[in-house]
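Thanks for making the time this morning. I would like to take you through one structure, beginning at its surface, then turning to the spaces inside it, and ending with the charged pairs.

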Amino acid sequence: MSRFRFQRTTIQVEEAQRAILEHIRLQRTEWVDLEDSFGRRLAAPVAADHPVPHFRRSGVDGYAVRCADTAAASPERPAVLEVVECVTSGTLPLRRVGPGQAARIMTGAVVPEGADAVVMLEMTAPAEREGAVCIRRRMADGDNITAIGQETPCGDILLMPGRIIEAGEAAILAAFGYARVPVYCKPRVAICSTGSELLAVGSPLEPGKIRNSNGYMLAAQVRAAGGEPVIMPALPDEPELVEKELLALMDRFDCVVTSGGVSVGDKDVMASVFERWEGRLLFNKVAMRPGSPTSAGVWQGKLLFALSGNPGACFVGFELFARPFLRGLLGHPSPLPKEAKASLVADYSKGSAYPRYVRGKLETTDDGKLQAKPAGADKSSIMVSIKDAECLILIPAGGRGAAAGQLVCVLLLQETK
Ligand SMILES: Nc1nc2c(c(=O)[nH]1)N[C@H]1C(S)=C(S)[C@@H](COP(=O)(O)OP(=O)(O)OC[C@H]3O[C@@H](n4cnc5c(N)ncnc54)[C@H](O)[C@@H]3O)O[C@H]1N2
Ligand code: MOO
Ligand SMILES: [Mg+2]
């Protein structure tokens, strides 16, 4: 007889992910200093409100010339031009370059009116005549000049909301004068480990007890996904207490992630909470290994992710469900894990009735092919190999596992744009 008021109905991973993504509501936004915005996600589009460059810019140190004056120039018969001024970066030219004239100019400086090319210094030589320069090659219209708006015309949308701010985005924001940047507020995520066997990290080991490693692993995962984790003290396996605590946390936080107690053990406290509470269960069994008892529910619009206690299953459950949700809150344009195809380096002979998400390492061969290989022992209860996971290798359901050389789907674990 099932202990459950509701029979557990197994749903596919994709179906469970859809159920989660339906509850995404964008976070509130805040303005932060540009230098504090790195790693955050933009909350508004950034459009070019001026062209880049906004003046005709010299790409080299040399001489601004009229290319017609260089039409017959060669190393043997250089064109000799009168130098009318020197334009350094940040200053404006005072003179127009007329026929037979040139202006000394530096990289990044404004090309004077009248000039239509810049000759590299190396292609010039001092002239015998004081105040003149020899141009030793023929120039074409526009050589070494970046036209106004050539990099970006005015009005182009350069960054969309949801974009993570990294080096290139920071450069754009700075160039367009964003001393303060609108970003989505970090979702505050309460992390609550359940289990009467759990000791605080600073406690000495005791017989039959273990330290709470999932809480810290999940906190690191929350932070990598752009959230603000708050690690709560672990809760003992007492359903009333856990339910009371969780509802209080759901009131205060944007979402709550628990670990442990989702299976069918006598003390599996989360299963009892889902039987008793007034929230709505989204799922409590997913066709996946590890983490088939992974559960999730909604209470007053807030999500509760109840992940397995087994560290491997806890890690995978977070990556497949909680991380996409957090990314979604932050406006990520495609919150589900990014997929790639890789060839499996060795046989993975363990078959399973459910698709299996195996911790994997990635390598690129000399001829550019992506290869995936399992990152050490992969049992759900094994914690120490999680550190080596760069991806999750998806081994399709079926009795035989997958053979070396087979092309498999891998889910990439690093944060994406
Ligand atoms: N009779 C059955 N037993 C189990 C089944 C099943 O279908 N029938 N499913 C197995 C599977 S699959 C999984 S996954 C686990 C799920 O376990 P729970 O989510 O109920 O987690 P716990 O029972 O609380 O703990 C499991 C394991 O993980 C350790 N743990 C728990 N919390 C932490 C933590 N914060 N840090 C480190 N380690 C933690 C705990 O001590 C246990 O060893 O159930 C199987 N059983
Ligand atoms: O679903 Mo469990 O994580 O396989 O041990
Ligand atoms: Mg259990």
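Please keep in mind throughout that this is a predicted model. Let me begin with Val 201, which has a relative accessibility of 45% and therefore counts as partly exposed. Val 201 sits in the loop that runs between strand S14 (198-199) and strand S15 (210-211), and together with Tyr 216 and Ile 231 it makes a nonpolar surface patch of about 260 Å².

From the surface I move to the pockets. The largest pocket has a volume of about 510 Å³, and its lining is made by 33 residues, with Asn 214, Ser 308, Gly 309, Asn 310 and Pro 311 lying nearest the centre. Which elements supply at least two residues each to that lining? They are S15, helix H3 (213-224) and helix H6 (311-329). As for chemical character, the lining of the largest pocket divides into 15 polar, 10 charged and eight nonpolar residues.

The second largest pocket has a volume of about 170 Å³. Among the residues that line the second largest pocket are His 23, Arg 25, Asp 254, Lys 302 and Phe 325, and at least two lining residues come from each of strand S20 (302-307) and H6. Here the lining divides into five nonpolar, three polar and four charged residues.

There are also cavities to consider, and the structure holds two of 30 Å³ or more. The largest cavity contains about 60 Å³ of space, and the residues around it are Glu 319, Arg 323, Pro 324, Arg 327, Pro 335, Pro 337, Leu 411, Leu 412 and Leu 413. Two or more of these residues are given by H6 and by strand S25 (407-412), and the largest share, four residues, comes from H6. In the lining of the largest cavity, six residues are nonpolar, three are charged and none is polar.

That brings me to the charged pairs, of which a search of the whole structure finds 18 that form salt bridges. I will start with Arg 41 and Glu 415, whose closest N and O atoms are 2.8 Å apart. Arg 41 belongs to the loop between strand S1 (29-33) and strand S2 (46-47), while Glu 415 belongs to the segment after S25, so this pair ties together parts that are 374 residues apart in sequence. How accessible are the two partners, buried or partly exposed? Arg 41 is buried, at a relative accessible area of 3%, whereas Glu 415, at 21%, counts as partly exposed.

A second pair is Arg 57 with Glu 151, where the closest N and O atoms are 4.0 Å apart. This pair also links distant parts of the chain, with Arg 57 in strand S3 (residues 57-58) and Glu 151 in the loop between strand S10 (145-146) and strand S11 (157-159), 94 residues apart. Arg 57 is partly exposed at 26%, and Glu 151 is exposed at 56%.

My third pair is Glu 169 with Lys 417, with closest N and O atoms 2.6 Å apart. Glu 169 lies in helix H2 (residues 167-175) and Lys 417 in the segment after S25, so the bridge ties together parts 248 residues apart in sequence. Glu 169 is buried, with a relative accessible area of 2%, and Lys 417 is partly exposed at 38%. Finally, salt bridges with shared partners join Arg 41, Glu 319, Arg 323, Arg 327 and Glu 415 into one network, and Glu 319, Arg 323 and Arg 327 also appear in the lining of the largest cavity.

Notes. Residues numbered from 1 in each chain as written. Chains lettered and ligands numbered in written order. Predicted model: local features only at pLDDT ≥ 70, side-chain atom pairs only at ≥ 80, totals over all residues. Heavy atoms only, no water. Patch = residues over 30% accessible without salt bridge, like charges linked within 9 Å, V, L, I, M, F, W, Y side chains within 5 Å. Areas by Shrake-Rupley, 256 points an atom, 1.4 Å probe, with all protein chains shown as cover. Salt bridge = Lys/Arg side-chain N within 4 Å of Asp/Glu carboxyl O. Buried < 20%, exposed > 50% of the residue type's maximum accessible area, 1.4 Å probe, protein only. 1 Å grid on protein atoms, 1.4 Å probe; cavity = no way out; pocket = protein on both sides within 12 Å on 5 of 7 lines; lining within 4 Å. Points joined across faces, edges and corners; volume = space filled by probe spheres on them. Nonpolar A, V, L, I, M, F, W, Y, C, P; charged D, E, K, R; others polar.
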